[in-house]
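Reader: Please show me the sequence and the structure. Then let us take some questions in turn.

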Amino acid sequence: QVKLTESGGGLVQAGGSLRLSCAASGLSFSLCTMGWFRQAPGKEREFVGHISWTGGTPNYKASVKGRFTISRDNAKNTVYLQMNSLKPEDTAVYYCAADLMSVSSLDSAYDYWGQGTQVTVAS
């Protein structure tokens with residue numbers, strides 16, 4: 001079975017940093033586009049960024065560009081989201097997702113999802 005497991009969330013002060021990890025098992029990780037999404041209470045899930053299986057340049061939501069960095073380690077079947085200069089509006093549950101077919105910012109394109117990890121940024 002496919003499993004995606006996020007970790008690294010927590011409480012941080014505004015301006016601080018966190019690194020989220022997503023460990024994948026049960027799929028051909030190196031062939032997948034890996035995406036990060038987030039959902040704040042009462043709001044729709046939104047795209048944060050993704051990185052293709054080719055290891056090309058990641059793509060980011062405009063509001064996080066320059067602050068967040070996605071990387072992947074195919075040998076460890078793990079994708080990372082480094083978050084710097086965090087703002088209160090970054091508070092959300094963060095999800096990783098795997099896309100076996102495409103490189104997309106649409107959540108409907110992703111085939112598998114993790115359970116999420118909470119990120120809370122205090123002002």
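Reader: Is Leu 100 buried, partly exposed or exposed?
Author: This is a predicted model, where local features need pLDDT of at least 70, side-chain atom pairs count only at pLDDT 80 or more, and totals for chains, interfaces and linings use all residues. Residues are numbered from 1 along each chain as its sequence is written, and side-chain values use heavy atoms, with hydrogens and water left out. Buried means under 20% relative accessible area, exposed over 50%, and partly exposed in between (1.4 Å probe, protein chains only). The relative accessibility of Leu 100 is 42%, so the residue counts as partly exposed.

Reader: Where does Leu 100 lie?
Author: Helices (H or I, at least four residues) and strands (E, at least two) are DSSP runs, numbered from the N terminus. Two strands flank this residue: β9 (92-99) and β10 (112-113). Leu 100 sits in the loop between β9 and β10.

Reader: Which residues make the nonpolar surface patch of about 340 Å²?
Author: Patches take residues with over 30% relative accessible area and no salt bridge; like charges are joined within 9 Å, nonpolar side chains (Val, Leu, Ile, Met, Phe, Trp, Tyr) within 5 Å. Areas come from the Shrake-Rupley method with a 1.4 Å probe, and for residues only the protein chains shown count as cover. The patch of about 340 Å² is made by Leu 100, Met 101 and Tyr 112.

Reader: How many bridges join β3 to β8?
Author: Two strands pair if DSSP finds at least two bridges between them. Strand β3 (residues 18-25) runs antiparallel to β1 (residues 3-7), with five bridges, and Leu 4 stands opposite Ala 24 there. Strand β8 (residues 78-83) is also antiparallel to β3, and Leu 20 has Leu 81 as its bridge partner. The bridges joining β3 to β8 number six.

Reader: Which residues does the disulfide join?
Author: A disulfide is a pair of cysteine sulfur atoms within 2.5 Å. The structure holds one. Its S to S distance is 1.9 Å, and it joins Cys 22 to Cys 96.

Reader: How many residues apart are Cys 22 and Cys 96?
Author: The pair links distant parts of the chain. Cys 22 is in strand β3 and Cys 96 is in strand β9. They are 74 residues apart.

Reader: Is the disulfide of Cys 22 and Cys 96 right-handed or left-handed?
Author: Cys 22 is buried, at 0% relative accessible area. Cys 96 is buried, also at 0%. The torsion about their S-S bond is about 50 degrees, so the disulfide is right-handed.

Reader: Why is Cys 32 not bonded to Cys 22?
Author: Cys 32 is buried, at 2% relative accessibility. The closest cysteine sulfur to its own is in Cys 22. No bond forms because the distance is too far, at 10 Å.

Reader: What separates the C-alpha atoms of Asp 73 and Ser 21?
Author: Ser 21 lies in strand β3 and is buried at 16%. Asp 73 lies in strand β7 (residues 68-73) and is partly exposed at 24%. The two are 52 residues apart along the chain, and their C-alpha atoms are separated by 11 Å.

Reader: Which residues does Asp 73 touch?
Author: Contact means heavy atoms within 4.5 Å. Residues up to four places away in sequence are not counted. Ser 21 touches, among others, Thr 78 and Tyr 80. Asp 73 touches Phe 29, Thr 78 and Tyr 80.

Reader: How many residues apart in sequence are Asp 90 and Arg 38?
Author: A salt bridge is a side-chain nitrogen of Lys or Arg within 4 Å of a carboxyl oxygen of Asp or Glu. The side chains of Asp 90 and Arg 38 meet in one, at 2.9 Å, N to O. Asp 90 lies in the loop between β8 and β9 and Arg 38 in strand β4 (residues 33-39), so the pair ties together parts that are 52 residues apart.

Reader: Is Asp 90 buried or exposed?
Author: Asp 90 also meets Arg 67 in a salt bridge, at 2.8 Å, N to O. Arg 67 is buried at 10%, and Arg 38 is buried at 5%. At 1% relative accessibility, Asp 90 counts as buried.

Reader: Which residues are linked in a network of salt bridges?
Author: The structure has five salt bridges. One of them joins the side chains of Lys 61 and Glu 46, at 3.3 Å, N to O. The network links Arg 38, Glu 46, Lys 61, Arg 67 and Asp 90.
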